[in-house]
Amino acid sequence: MTVLDAKVERLETDEATGYTAFRLGSFTFRRDEYFAHISWPKGNHIIEIDRFLRATVRDIGWGFFYGWIFFDDVFGTTNHYGTVDVFAGSYDKGCKDAGIDHLETFTAEAVSEAFTAISQDWISQGYDPLNAPLETGTPIGPKGPERTDPLLRAFIAADRMLGLPGDKPVRSDASGFPVNRAFADLDFDLPDVECEPGFEGQLHAINLFDHIARSDVTWNPSISAVTRANICCVTSEEHMLPVIHGNDRNEWFIQLSDEIHWNIADKNSGAPRGRIVMKAGDVCAMPADIRHQGFAPKRSMLMVMENGTPGLEQRYASGELKPYPVDFG
Amino acid sequence: MAYKTRTGSLASYEKGVIELDDDLRKYAFSNVFEVAGKSAPYERVAVVQNLEYVAEVVRAEGDSPWYAAPHDEFAIVMDGEVTFRFVQLQDDQVPGHEGGAIRLGAEPNGPRMGRVTARKGHQVLLPKGAAYQLSSARPSVAIIQTVDGPETVKKWNDICVLKEA
């Protein structure tokens, strides 16, 4: 694997729309009023702009997450934890057969800088791609005033457990996170914590549902609790996951409220395998050989359990570990 | 627009569907309320397995045995009300096995740390260095984030959807 020593370059600014074009390696990125246009030496690709921006800010905010992030069937990134592949058509049978697929590897920092520069130029005030579509404006049209607030909200990552002294706080009215409209029908109480004298502060509990209900972003997990390398993430999901995720390891979903519809496809070819509808209380593994995309008709609460053991991706890639998690005997 | 949030319970839950051109065992699809409904009290049934890590579903009913683990565990109450009592372990009482909860013969003789009463949606720290006991006056459900251990019960063939309905 050759890691290109490239950094993002600003190209021309379109006089009519006001948007600037960018280059990273041999990929160029342009946008017009409706679409992002991606070009590479052997091909071109078009992505609806809302989808492109929703995918881009999450990809950066997640630190490129685990494995493959498909913006759509053609374009995306693969995380190698220090370096990142940017690909077009590399996992699409049509592009492969036509010989127009292309992949370049960069440092993670270079890709992050490129995607951040693109996002800052292409996102105007009134539009937040981390919000649900019902809660934000539209990205279409010519460039407006640039946003001055943070575009990105990365993982809230508890070191041990949310709310512990010295750890990441739970969301609250006081910290600027009101309960989302979609969970206004729920009553949120606090657990009763009674410590014996001398043990004050050593017992801990939170209302996790309250924390999730106050999230101002969608499809953007936060880590709530950690057992060694076992990471419990929680997230609120509304509308559609704006990427298709192909994990480099097995992961698990526990549906805490409402429902999410998942489309499942083969990770390498994109060939559909079917669908899973998860309702409150359902538990399902997402094997390491698939890609999945979620659709949430109503804002819902999802728990994701990830194994963050370093080097796990190589053990799956080599075949040492099976691409599914349970031995049924 | 007024929204209606749907959470499940032992008495009322609706299971989703899995329709795949694939071996359904790879997805290990189950439902925590269904698992708890068919479990004995305090049977710690694995519904998630990520190599050495698991999430166990527990039907809390009456008093559980006393447990301890050589690492932090976390419980999320999904239905009902569960009280967790904690006793501090002395250094030589902290379990030395690799991971997961072990069952203690009786309440440890260390100092009582206190208790947490948790209801639906609450997450509770079960800290390393403490023994704990769960109690519930009526059947309740909790998910425990932990490590595959001596108390982990695996009955995947009984709890998972193996073929499409």
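Eight salt bridges are counted between chain B and chain A in this predicted model. One of these bridges joins A:Lys279 to B:Glu14, and the closest N and O atoms of this pair lie 2.8 Å apart. That distance can be checked against the cut-off, since a salt bridge asks for a side-chain nitrogen of Lys or Arg within 4 Å of a carboxyl oxygen of Asp or Glu. Polar contacts between chain B and chain A were counted as well, and they amount to 40 residue pairs, with both partners at pLDDT 80 or more.

Which strand gives the largest share of the side of chain B that touches chain A? It is strand β9 of chain B, residues 112-119, which supplies eight residues. Sorted by character, the residues on this side of chain B comprise 32 nonpolar, 19 polar and 17 charged ones. Taken as a whole, the interface brings 68 residues of chain B into contact with 71 residues of chain A. The size of an interface is often expressed as the accessible area lost when the parts come together. For chain B and chain A, the area buried between them is about 5,900 Å², and carbon and sulfur atoms account for 56% of it.

The two chains also meet through strand pairing. Strand β18 of chain A (residues 272-279) and strand β1 of chain B (residues 17-20) run antiparallel and are joined by four bridges. To find this pairing in the structure, a helpful place to look is A:Gly274, which stands opposite B:Leu20 in β1(B). A:Lys279, the salt-bridge partner of B:Glu14, carries the number at which strand β18 of chain A ends.

Attention now turns to a sheet within chain A. Five strands form an open sheet in the order β2-β3-β4-β5-β6, with antiparallel pairing. Where are its edges? The edge strands are β2 (9-13) and β6 (43-48) of chain A, each of which pairs on one side only. From one strand to the next, the twist averages 20°. At the β2 edge, β2(A) pairs with strand β3 of chain A (residues 20-24) in the antiparallel sense over three bridges, and here A:Thr13 is found opposite A:Thr20 in β3(A).

Two helices of chain A pack on this sheet. Helix α1 (residues 49-61) touches β4 (27-31), β5 (35-40) and β6 of chain A, and its direction makes about 90° with that of β6(A). Helix α3 (residues 108-122) touches β2, β3, β4 and β5 of chain A, and the direction of helix α3 makes about 170° with that of β3(A).

Technical notes: Residues numbered from 1 in each chain as written. Chains lettered and ligands numbered in written order. Predicted model: local features only at pLDDT ≥ 70, side-chain atom pairs only at ≥ 80, totals over all residues. Heavy atoms only, no water. Contact = heavy atoms within 4.5 Å. Buried area = accessible area lost by both parts, 1.4 Å probe. Polar contact = N/O pair within 3.5 Å; in protein donor to acceptor, adjacent residues only side chain to side chain. Nonpolar A, V, L, I, M, F, W, Y, C, P; charged D, E, K, R; others polar. Pairing = 2+ DSSP bridges. Axes fitted to C-alpha atoms, helices over the stretch in contact; angles between N-to-C directions.
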